[in-house]
Structure formats: structure tokens, C-alpha cells
Amino acid sequence: MSVTRPTSTPKQPAIQQRRVVIENKHGEKLVGILHDTGSKELVVLCHGIHSSKERIPMVNLAAVLQRERISAFRFDFAGNGESEGSFRYGHYRREADDLRAVVQHFRVQNYVVTAVVGHSKGGNAVLLYAAKYNDVHKVVNIAGRFNLERGIEGRLGKDFLRKIKQDGFIDVKNKRGTFEYRVTEESLMERLTTDMPAACRSINQNCRVLTVHGSMDQMVPVEDAFDFNKIIPNHKVSIVEGADHEHTSHQNELASIVLEFIKEDFFPDKFIHSRF
């Protein structure tokens, strides 16, 4: 007598979230959360200025990737969140090097970093990373700034160059007058001498870049997205209608656009893709 045994479907590995500490080249410990789905395909998420891994859209993007069984790592740049070091207003290249330490760490752990995603200043970091290292072939820039000479007056006030040369620093306060961080002359000059257009022109043609920007972004104008589109070789742009700088009320749209790009198996010719 023959017996037919029911076939069982293999269970997917349990999703784990764990704290990971990585040392950058300056000896500072960078703290992050690994969303480990069991997949060795990994997306690294980079936050914006004076922010952390716990802010939107980092947490929401990690959750969406996790649901799709794609591992994700969101971390704090040096001087932000739980990571060691002092906060720096400029030092865009240094944050790209923090990202380098993260990518190398996970490669040693046999992960394949399939994409790097950055929001605001983090968007600049992932683009600078792509220009310098050319070893991650999908890059997502969410609301990064094209011209770093713009947007300074809104934070530092009018006549900021004279003030910072006179005092050596400017203290930034929030709307309630509470101290937030100090901007030194050195860090300001580093920002002013970071040439994003030159870096973007040097990104390899084989690196696929997506820029996502909200049409109602009051911090970084939506025109910056189209400026990136003019010079990055293999690039597309998606405009989220009505979204602000953090896509506060448009998290699902943002996540859908980013996820679709990361999962694409092909990349069509450059085009403009608007979301209404």
C-alpha cells in the first residue's frame, strides 16, 4: 500500500530587527537598526540634516522593504542620533564616508548592497557616494539639494558670512528660541565648497539614480529635482504632488515609488515620471 505524504511549504525566515554598531574611519561608532528578513539583499537608508534613523521616511521605508522580504539598514550618521561624534553642519563628504563604512561592513557579512537611499542631506550623501565609489548601482535621492550655496540664509540668517567670519560660529535656534546646534566657519565652508553638479556628472552611466521630490517642498525647491535630471547620466525623477519635504502625508506614495525602483529589473531611457 502506498502512502501519499502531504507536502509542506518551507517557512520563511523570521524577520528580526537588531542593533548594529559600525566603526567609521575616524574611530566613531555608528549605530543602526538592521531589519533582517533572511535575504542577503540589503538597502541602506540615510537620514537628513540634524536628524536620525528614527525619523520618517527612514522608519516607513524600512518597514515597507521588510514586508517585501528585502533587508534594510537605517543608521545614524556621526554626530546624530545614537552615533558617536559631533554634529557638523557641512561635512557632506564625511557622511558619504560614513556610508562607505556601512557598505563595507555588510559586504564582509556577505550581504549584497543593492541600493542606497538618502533623504535631504542624506540624498546628497548617497549621490556623493555614488560619484566616489561606483560600487552600488541603484541610488535614491529623496529631496536632496542640488546647489549647496542655496538654503543657508533660512537657517543661519541674513549676512551669515560676515557673522561667521566675525565670531567663528553661528548658533542655530528653533522657532521657540531653543538652541539646536552650532555651525562653525569650517563646516560652512565645507558645504560651500562641495560641488554637487560636478559630483553628479561623474556618476557612472551604469549607476541608476532616482530622485523623488515633493511639489510643495518648502525647504528644498522642487526645481532641484529637475536640475539633477539634467546632468546625472542614468536618471529619472518622480514628483509627488502636494508632498512636503518629508512627504509627511504622502508616505505610502513615496514608499511605492522607491520600492518600484529598487525592484526594477530593467531601466528605461531617461524620462519624467510625475505622480498626481
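A residue counts as buried when its relative accessible area is under 20%, and with that in mind you can begin the tour of this predicted model by selecting cysteine 200, which is buried because its relative accessible area is 1%.

Keep cysteine 200 on screen and add cysteine 207, which is likewise buried, with a relative accessible area of 1%. A disulfide is a covalent bond between the sulfur atoms of two cysteines, and the cut-off used here asks for sulfur atoms within 2.5 Å. The sulfur of cysteine 207 has its closest cysteine sulfur in cysteine 200, 10 Å away, and is therefore too far for a bond. By this rule the count of disulfides comes to zero, and cysteine 200 is in none.

Next, move to asparagine 80, in the loop that runs between strand S4 (71–75) and helix H2 (92–108). Asparagine 80 is buried, since its relative accessible area is 4%. Display its side chain, and you will find one of its polar atoms 3.2 Å from the backbone oxygen of alanine 78. Leaving aside residues up to four places away in sequence, asparagine 80 touches His47, His50, Ser51, Phe87 and Glu95.

Finally, select helix H6, residues 185–192, and colour its buried residues, which are Ser187, Leu188, Glu190 and Arg191. Turn the view until you look down the axis of H6: the buried residues fall within an arc of 155°, so they line one face of the helix. To see what covers these buried residues, show the surrounding elements, which include H2, helix H4 (153–156), helix H5 (160–167) and strand S8 (179–184).

How values were computed: Residues numbered from 1 in each chain as written. Predicted model: local features only at pLDDT ≥ 70, side-chain atom pairs only at ≥ 80, totals over all residues. Heavy atoms only, no water. Helix = DSSP H or I, 4+ residues; strand = E, 2+ residues; numbered from the N terminus. Buried < 20%, exposed > 50% of the residue type's maximum accessible area, 1.4 Å probe, protein only. Polar contact = N/O pair within 3.5 Å; in protein donor to acceptor, adjacent residues only side chain to side chain. Contact = heavy atoms within 4.5 Å. Arc of directions from axis to C-beta.
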